[in-house]
Amino acid sequence: MKKLLITGASGFLGIRTTMHYITKCEVVCCGHAGLDITHAKAVESFFEIQHPDVVFHLAAISDTGYSE
């Protein structure tokens, strides 16, 4: 069974993507509380532990004022 990693899993798109794939493959979800995607070493360590086959990178800044 393929292992799917979804970043931004607690967001609008992440929740819906997780619900779609949860019965089709092994899903590993991480939100901002579980993984700081701006910290390269943390991401590298997370990948070494999880070994995902596929990654859906859905993490984003939802505050449009801040992101602009």
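In what order do the elements of the protein run from the N terminus on? The order is β-α-β-α-β-α, and the protein thus described has three helices and three strands. Please bear in mind throughout that this is a predicted model.

Let me begin with the overall dimensions. Taken along the principal axes, the box filled by the C-alpha atoms is roughly 40 × 30 × 15 Å. The protein has 68 residues, and 25% of them count as buried. As for the contacts with a separation of 6 or more, 47% of them are between residues 24 or more positions apart.

I turn now to the aromatic residues. A pair of aromatic rings is described by the distance of the centres and the angle of the planes. How many aromatic pairs does the count come to? The count comes to one. The partners are Tyr21 and Phe56, with 5.4 Å from centre to centre and 70° between the planes, an edge-to-face arrangement. This pair links distant parts of the chain, for Tyr21 belongs to helix 1 and Phe56 to strand 3, residues 54-57, with their positions 35 residues apart.

Are these two rings buried or exposed? Tyr21 has a relative accessibility of 26% and therefore counts as partly exposed. Phe56 has a relative accessible area of 26%, so Phe56 is also partly exposed. With neighbours within four places in sequence left aside, Tyr21 is in contact with Leu4 and Val27 as well as Phe56. A further distance concerns Ser45, which is 24 residues from Tyr21 along the chain: their C-alpha atoms are separated by 24 Å.

A second ring deserves mention here. Arg16 lies over the face of Phe12, and its distance from the ring centre is 3.8 Å.

Next, helix 2 and the loop that follows. Phe47 is located in helix 2, which spans residues 40-50. Its relative accessible area is 35%; because this value lies between 20% and 50%, Phe47 is classed as partly exposed. Which residues does Phe47 touch, not counting those up to four places away in sequence? They are Leu5, Pro52 and Val55. By contrast, 27 Å separates the C-alpha atoms of Phe47 and Asp63, two residues that are 16 apart along the chain.

His51 is found in the loop between helix 2 and strand 3. Its phi is near 50°, which is a positive value in a residue other than glycine. His51 has a relative accessible area of 56%, over the 50% cut-off, and is therefore exposed.

Finally, I come to the largest pocket. The space within this pocket is about 350 Å³. There are 18 residues in its lining, and those closest to its centre are Gly8, His32, Leu58, Ala59 and Ala60. Which element supplies the largest share of the lining? Helix 1, residues 12-21, does so, with three residues. In terms of residue character, the lining divides into nine nonpolar residues, eight polar residues and one charged residue.

To summarise, helix 1 appeared twice in this account: helix 1 contains Tyr21 of the aromatic pair, and helix 1 contributes the largest share of the pocket lining. In the loop after helix 2, I would recall the positive phi of His51, together with the exposed state of that residue. Thank you for your attention.

Methods
Residues are numbered from 1 along each chain as its sequence is written. This is a predicted model: local features need pLDDT of at least 70, side-chain atom pairs count only at pLDDT 80 or more; totals for chains, interfaces and linings use all residues. Side-chain values use heavy atoms; hydrogens and water are left out. Helices (H or I, at least four residues) and strands (E, at least two) are DSSP runs, numbered from the N terminus. Buried means under 20% relative accessible area, exposed over 50%, partly exposed in between (1.4 Å probe, protein chains only). Contact means heavy atoms within 4.5 Å. On a 1 Å grid over the protein atoms alone, a cavity is a set of points where a 1.4 Å probe fits but cannot get out, and a pocket is an open set with protein on both sides within 12 Å along at least five of seven lines; lining residues have an atom within 4 Å of a point. Grid points are joined across faces, edges and corners, and a volume is the space filled by probe spheres set on the points. Ala, Val, Leu, Ile, Met, Phe, Trp, Tyr, Cys and Pro count as nonpolar, Asp, Glu, Lys and Arg as charged, and the others, Gly among them, as polar. Rings of Phe, Tyr and Trp (its six-membered ring) pair if their centres lie within 6.5 Å; planes under 30 degrees apart count as stacked, over 60 as edge-to-face and the rest as tilted. A charge sits over a ring if NZ of Lys or CZ of Arg is within 6 Å of the ring centre and within 35 degrees of the ring normal.
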